[in-house]
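Dear colleague,

Please find below the structure that I am handing over to you. My notes on it follow directly after.

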Amino acid sequence: MLKEKPPQGLWSLLISILAYLALAQADKILTMGQPESLTIAILFVLLIINLAFQLSFQVEYVAERLKEPYGTMILTISAVIIEVVIIVMMLSHTSSTTLARDAIYSAVMLDINGILGLCAIVGGIKYGEVEYNVNSGNTYIVMIMTALGISMALPAFLPPEHWRVYSVFTIVTMSVFYALFLKMQTGRHRNYFSYRDQHQAGLPEGQAGVISTNVKFSILYILAGIVTIGFLSEEMSLHMDAGLTGSGVPPIVAAIVVAIIAASPEVLTALKAAVNDRMQTVVNISLGATLSTVILTVPVIEAIALIEGRPLIVGLSPTQMVMTFLTLIVATINLHDGETNAIEGMTHFVLFMAFAMLASLGM
């Protein structure tokens, strides 16, 4: 049954704002060495994750009221906006040219191999074969392949002197690509992204898609939360850069932190859906977030590079290329029939563990 009132989280928002004001003054009070900077950066990460979780309850409430496909579309876009905000703030305080690429790659691994894999295991253990609309899986995968290929695979082989022209091409192509996809997702092919036989409560007739006062409150809360995350991220990036410099920690760790923060609103929703035999929601969240991350984040990063006149590396490294290729091949095979189980989930989760191992080795 749908919640009658939106979840309350104003205290978390207020605490995050007060903590930001307090910690932002820490460098004026404390002697900022590497350990102190790293400690404060970790505190900011925890604050952002906590606020992101609170936002997830508001986003989930809005998603329930607006129904599919608008529900998971709002959830995934909210997560991507959080990711973009954090990446932009971190790019302004780091000299790394691979941060954005590594964050997007990490998000793809986390969404497809982590979230989808874990939820398929959970749902498979509880229900055996778990069904979803095969059209959604096929549509998402072919679009993810296309977007990744154009925006992150081909640039790895692009001569450096052509980066400006190709960046403009990527920005225009990805923007048009996603606009057309949203038009199809909410129009002619809306039925691709729903599975009517799932066990889920619906809205009373006449209420589906109605933007009530409570929904408006939740949307305002989400916007305020994202702005707050932006301020928290700026301070986090300053202290994280100082705390990790010379520490020997692989550079990709900062990118993984960004991916984890961005995915935190999706994880609980996806796991609850898996437990309740709603694999369609899991597919929409994990694959929808992957597509949104690639197709929305890359153009923003490319635009920043053009404006600042410094090329940012978005082409995947050889190791990342292999992991991405394996992930998409396994996903294509597993999602071809509209059913998933624990074995298929395990194949994705093994790939996620391989990603974690390679990341620990700095690859």
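The notes below begin with the overall fold and then turn to individual helices and contacts.

Please bear in mind throughout that this is a predicted model. The chain contains twelve helices and two strands, and along the sequence these elements run in the order α-α-α-α-α-β-α-α-α-α-α-α-β-α. Of its 363 residues, 52% count as buried.

Two helices were checked for length. Helix α7 covers residues 163-185, and its 23 residues should span 33 Å at 1.5 Å a residue; the C-alpha atoms at its ends are 32 Å apart, which agrees. The buried residues in α7 include Trp163, Tyr166, Met174, Tyr178 and Phe181. The polar residues Ser167, Thr170 and Gln185 of α7 are buried as well.

Helix α9, residues 252-275, has 24 residues and an expected span of 34 Å at 1.5 Å a residue; its end C-alpha atoms lie 32 Å apart, in agreement with that value. Within α9 there is a kink of about 50° at Ser264, shortly before the proline Pro265. Because 17 of its 24 residues are buried, α9 is largely enclosed by the rest of the structure. One residue of this helix is Ala270, which is buried with a relative accessible area of 0%. The C-alpha atoms of Ala270 and Leu118 are 9.5 Å apart, although 152 residues separate the two in sequence. Just after α9, Asp277 adopts a positive phi of about 60°.

The aromatic contacts come next. A search of the whole structure gives six aromatic pairs. In one of them, the ring centres of Phe349 and Phe352 are 5.8 Å apart and the planes meet at 35°; the pair is therefore tilted, since an angle under 30 degrees would count as stacked and one over 60 as edge-to-face. Both residues belong to helix α12 (residues 342-360), where they are three residues apart, about one turn of the helix. Their exposure falls on either side of the 20% limit for a buried residue: Phe349 is partly exposed, with a relative accessible area of 24%, whereas Phe352 is buried at 18%. Ring pairs also join Phe349 and Phe352 with Tyr105 and Phe355 in a cluster.

The segment after α12 contains Gly362. With a relative accessibility of 41%, Gly362 counts as partly exposed. Its C-alpha atom is 4.7 Å from that of Pro250, and the two residues are 112 residues apart along the chain.

As for charged contacts, side chains of opposite charge can pair when their charged atoms come close. The structure holds one salt bridge. It is formed by the side chains of Asp102 and Arg101, with an N to O distance of 3.1 Å. Both partners are buried: Asp102 has a relative accessibility of 6%, and Arg101 has a relative accessible area of 11%.

On the surface, Val322, Phe325, Leu326, Ile329 and Ile333 make a nonpolar patch of about 470 Å². Val322 is located in helix α11, which comprises residues 318-334.

With kind regards

How values were computed. Residues numbered from 1 in each chain as written. Predicted model: local features only at pLDDT ≥ 70, side-chain atom pairs only at ≥ 80, totals over all residues. Heavy atoms only, no water. Phe/Tyr/Trp six-rings, centres within 6.5 Å; stacked < 30°, edge-to-face > 60°. Helix = DSSP H or I, 4+ residues; strand = E, 2+ residues; numbered from the N terminus. Buried < 20%, exposed > 50% of the residue type's maximum accessible area, 1.4 Å probe, protein only. Expected span 1.5 Å × (residues − 1). Bend = angle between axes of the 7 residues up to and from the residue. Patch = residues over 30% accessible without salt bridge, like charges linked within 9 Å, V, L, I, M, F, W, Y side chains within 5 Å. Areas by Shrake-Rupley, 256 points an atom, 1.4 Å probe, with all protein chains shown as cover. Salt bridge = Lys/Arg side-chain N within 4 Å of Asp/Glu carboxyl O.
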